Amino acid sequence: MFNLTRRQFLRYSGATGVALGTGSLASFASAEEPLKIGVVYVSPIAEIGWTKQHSLGVDAIKKEFGDKVAITVIDNIFMPQDAERVFRELAASGNQLIFGTSFSHGTPMQKVAPRFPKTAFEHCSGIVHRANLGTFEAKYYEGTFVAGAAGAHMSKSGKIGFIGGFPIPDIVGPANALLLGAQSVNPEATCNAIFLNSWFDPGKEKEAANTLLSQGCDVICSMTDTATGVQVAGEGGAWSIGYASDMAKFGSGKQLTAFTLDWSSEYLRAAKGVAEGSWKAEARWDGLAAGVVKMAPYNEAIPADVQAKLKQLEADIAAGKIHPYAGELKDQDGNVKVAAGSVLSDTDIRGMNWFVRGMIGKLS
Amino acid sequence: MRLRIEQRQEPSAQMRIAAPVIATALTFLAGSVLFAALGYDPLATLHAFFVAPINSINGLSEWLLKASPLILIACGLAVGFRANIWNIGAEGQLIIGAIAACGVGLFYPNPESPLLIPLMFLAGAGAGMAWAAIPAFLRARMNTNEILVTLMLTYIATLLLSFLVHGPWRDPAGFNYPQTALLPAAAMFEPFDYSYRLNPSIFITAVAVVIMWLFTDRSFLGYKMSVSGAAPLAARYAGFRESSAVWTGLLAGGAAAGIAGMAEVAGPLGQLSPQISPGYGFAAIIVAFIGRLNAFGIVLGGLLMSLLFLGGETVQMTLGLPAALTRIFQGILLFFLLAADFFIYYRLRLPEHA
């Protein structure tokens with residue numbers, strides 16, 4: 001008991017020390033003071049890509065709150081050792097709401113959140129929750145399913161190429177859905193998959209894209225943090241599918257569509273919740289229906305009737321009439337993983353570590 | 001008027017002390033111009049860079065936590081560098097050390113055993129040494145270039161780590177994400193205080209600094225290694241065997257890096273994931289040279305490098321300086337530091353008028 005009290009005392013005295021040190025005592029904010037928000041990006045904001053889309057969420061807060069918000073942004077924080085320090089400092093210097101935007105921010109946030117019980121933590125792509133640590137994530141697979149359908153309509157070879165950053169469920173699942181979307185149009189469609197083990201390695205990604213092209217793929221979808229896949233596909237005369245941002249201008253006119261991420265609603269919801277005092281740690285997982293996943297404008301080369309079908313598909317997925325992982329689903333070896341008439345459970349989707357039938361490639 | 005560069009007869013003792021001071025002054029000057037040109041108050045920026053990060057207990061704790069692995073690895077590497085043994089693969093040795101230590105922590109039958117930390121320490125040091133023994137063997141036996149071998153082994157270590165966390169060691173309760181389970185409490189260094197992250201692994205670094213100093217300045221083997229670095233032919237003539245310098249240099253670096261990996265995994269990390277080091281193994285090479293391959297210089301170099309890193313974050317958080325600008329500033333400081341050292345061995349002279 002003594003120990004606990006002592007620790008608590010030290011914790012608060014330490015926090016005060018840091019707040020004094022950074023020349024700010026806003027942790028004891030009054031009602032007139034602006035809402036203090038800290039945001040940690042995993043990479044610098046570029047023209048396109050993952051962090052860019054998060055910065056749009058931050059912009060949405062700024063637009064809504066104006067001078068009633070003070071946002072501190074720090075970018076290029078990837079390593080867990082560094083992330084823990086940054087989250088601590090943001091919390092200690094009085095930020096009431098703190099966003100982490102990378103899976104690698106997870107363990108550090110789980111360690112820091114309990115030490116600052118009055119601070120709200122929001123973790124994008126997280127899986128673990130605490131009393132004051134909520135998570136939000138996009139249903140990428142809804143976007144890839146539609147994109148896969150678009151690809152199959154336009155593909156001549158029926159072979160789709162997929163490049164992924166890491167073979168984690170958040171990438172493996174969407175890769176499967178890409179092929180399932182394609183198979184909903186052309187049941188014989190297949191998908192070659194390559195993982196780079198990096199989010200940002202344009203050199204390796206270029207090689208991977210060229211490999212896929214030489215294997216006969218004429219639609220390339222790349223889930224990394226660059227536009228390289230779209231670019232190489234366009235230069236090679238193949239169709240492409242963009243991810244995170246609309247990458248049309250990199251695709252030599254060959255980007256069919258992109259499944260873009262719009263986190264504005266997530267950022268606004270959290271900021272409003274904290275401002276009104278109603279914020280709770282939740283696990284939010286949204287897709288086409290909430291507009292977190294949005295399809296970029298379809299390529300004009302796609303015939304109007306096909307575009308209409310794709311828009312209908314978007315609407316049906318948003319309305320829940322079509323589920324990308326509806327049975328019957330078989331894995332690469334032909335084992336039935338989802339029986340006809342049922343759908344894959346949310347837990348299984350978020351832990352997906354197997355390829356569906358028709359995927360070519362191995363998960364290490 | 002032309003200036004001439006002239007080698008000094010003896011390294012200048014005054015310049016040895018003056019060089020870092022001059023470099024710091026020039027850095028502050030160049031930095032101030034840079035910050036002012038971009039519309040930031042130079043004094044406030046320098047304050048945020050060098051004072052704000054460490055004027056709280058938490059700041060000091062973070063400073064030492066970040067500096068500790070850099071100093072530890074640089075000490076080990078400097079032993080080899082003094083003998084011209086170029087181990088640039090400390091990053092890989094760190095990773096292997098972290099893997100071995102984490103393996104012990106995760107799979108030792110009794111997760112509450114007080115022996116866990118010592119065993120992990122031995123595993124980390126041993127694995128780092130074993131990884132460094134490969135280039136040592138190849139260099140001593142087949143005269144293979146250790147620069148290439150140590151660097152290439154870093155990639156192999158990274159891939160081995162990736163294989164383990166994606167495959168056999170993946171946390172069964174972790175939604176298939178590539179990371180191991182968290183280490184049990186007995187396998188982690190207990191922080192001095194739970195409000196901060198600094199832990200007793202800092203003592204390992206302190207001991208390593210003292211050992212490094214004793215070895216390089218007080219031991220015969222250390223002297224032999226310095227001679228073979230400075231004058232290989234003289235060393236051979238005196239009967240110093242090159243292979244013993246190769247083995248000592250590489251194993252010292254491997255052990256230090258392996259221990260640093262163990263301290264990271266048992267300290268701030270608590271688990272393995274595909275990337276576990278923010279480039280400590282490479283940054284330590286710079287630290288070793290900023291510290292002029294001397295134990296106490298390395299301590300200062302490590303503290304400087306980590307302060308630059310923390311300062312870069314602070315200016316971003318408090319003043320909104322872009323991360324790229326802070327990296328330019330860090331580059332300016334390193335440039336002036338290494339450039340000023342030039343004048344220890346050389347001087348500029350005005351040519352005599354004919």
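A salt bridge is a side-chain nitrogen of Lys or Arg within 4 Å of a carboxyl oxygen of Asp or Glu. Going by that rule, the structure holds 23 salt bridges over all chains. Keep in mind that this is a predicted model. The views below start with chain A as a whole and then zoom in.

**View 1. Chain A, the whole fold.** Chain A's secondary structure adds up to 11 helices and 15 strands. Its C-alpha atoms fill a box of roughly 70 × 40 × 40 Å along the principal axes. How does the radius of gyration of chain A fit with that of a compact globule? For 364 residues, such a globule would come out near 21 Å, and chain A has 22 Å, so the two agree. Of the 364 residues in chain A, 59% are buried. Now take the contacts in chain A with a separation of 6 or more: 65% of them come from residues 24 or more positions apart.

**View 2. Helix α8, tucked into chain A.** This helix covers residues 228-235 of chain A and is mostly covered, with 6 of its 8 residues buried. The buried ones are T228(A), G229(A), V230(A), V232(A), A233(A) and G234(A). What do they pack against? Their partners are α7 (202-214), β8 (219-223), β9 (239-244) and β10 (255-261), again in chain A. After the helix comes G237(A), and its phi is positive, near 75°.

**View 3. E122(A), a charged residue on the inside.** Look for E122(A) in strand β4 of chain A, which runs over residues 120-124. Is E122(A) buried or exposed? Its relative accessible area is 0%, so E122(A) counts as buried. The side chain of E122(A) has a polar contact with the side chain of W279(A), at 2.8 Å. Leaving out residues up to four places away in sequence, E122(A) also has plenty to touch, including L97(A), F99(A), M109(A), F136(A), A270(A) and R284(A).

**View 4. K249(A) and E47(A), a pair out in the open.** Side chains of opposite charge can pair when their charged atoms come close. Here K249(A) and E47(A) form a salt bridge, with the closest N and O atoms 2.6 Å apart. K249(A) sits in the loop between β9 and β10 of chain A, and E47(A) in the loop between β1 (35-40) and α2 (50-65), so the pair ties together parts that are 202 residues apart in sequence. K249(A) has a relative accessible area of 62%, so this residue is exposed. E47(A) is exposed as well, because its relative accessibility is 51% and the cut-off for exposed is over 50%.

**View 5. Where chain A meets chain B.** In this view, 42 residues of chain A are in contact with 38 residues of chain B. Between them the two chains bury about 3600 Å², 53% of it on carbon and sulfur atoms. On chain A's side, Q81(A), R85(A) and R88(A) lose the most area to chain B, together 17% of what that side buries. There are 10 residue pairs in polar contact between the chains, both partners being at pLDDT 80 or more. Which element of chain A gives the largest share of the side that touches chain B? It is α3(A), with 9 residues. By type, the residues on chain A's side split into 17 nonpolar, 12 polar and 13 charged.

**View 6. Salt bridges across the interface.** Between chain A and chain B the count is 4 salt bridges. In one of them, R85(A) pairs with E313(B), the closest N and O atoms being 2.9 Å apart. In another, D82(A) pairs with K66(B), this time at 2.6 Å. D82(A) belongs to helix α3 of chain A and K66(B) to helix α3 (residues 57-82) of chain B, so the pair joins two chains. Both D82(A) and K66(B) are buried. Zoom out a little and you find a network of salt bridges that links D82(A), E84(A), R85(A), R88(A), K111(A), E62(B), K66(B), R197(B) and E313(B).

**View 7. R349(B) and E6(B), a link within chain B.** These two form a salt bridge, with the closest N and O atoms 3.3 Å apart. R349(B) is in strand β2 (residues 346-349) and E6(B) in strand β1 (residues 4-7) of chain B, so to speak distant parts of the chain, 343 residues apart. R349(B) is partly exposed, at 35% relative accessible area, whereas E6(B) is buried, at 18%.

How values were computed:
Residues numbered from 1 in each chain as written. Chains lettered and ligands numbered in written order. Heavy atoms only, no water. Buried < 20%, exposed > 50% of the residue type's maximum accessible area, 1.4 Å probe, protein only. Helix = DSSP H or I, 4+ residues; strand = E, 2+ residues; numbered from the N terminus. Contact = heavy atoms within 4.5 Å. Buried area = accessible area lost by both parts, 1.4 Å probe. Polar contact = N/O pair within 3.5 Å; in protein donor to acceptor, adjacent residues only side chain to side chain. Nonpolar A, V, L, I, M, F, W, Y, C, P; charged D, E, K, R; others polar. Rg over C-alpha atoms; globule rule 2.2 N^0.38 Å.
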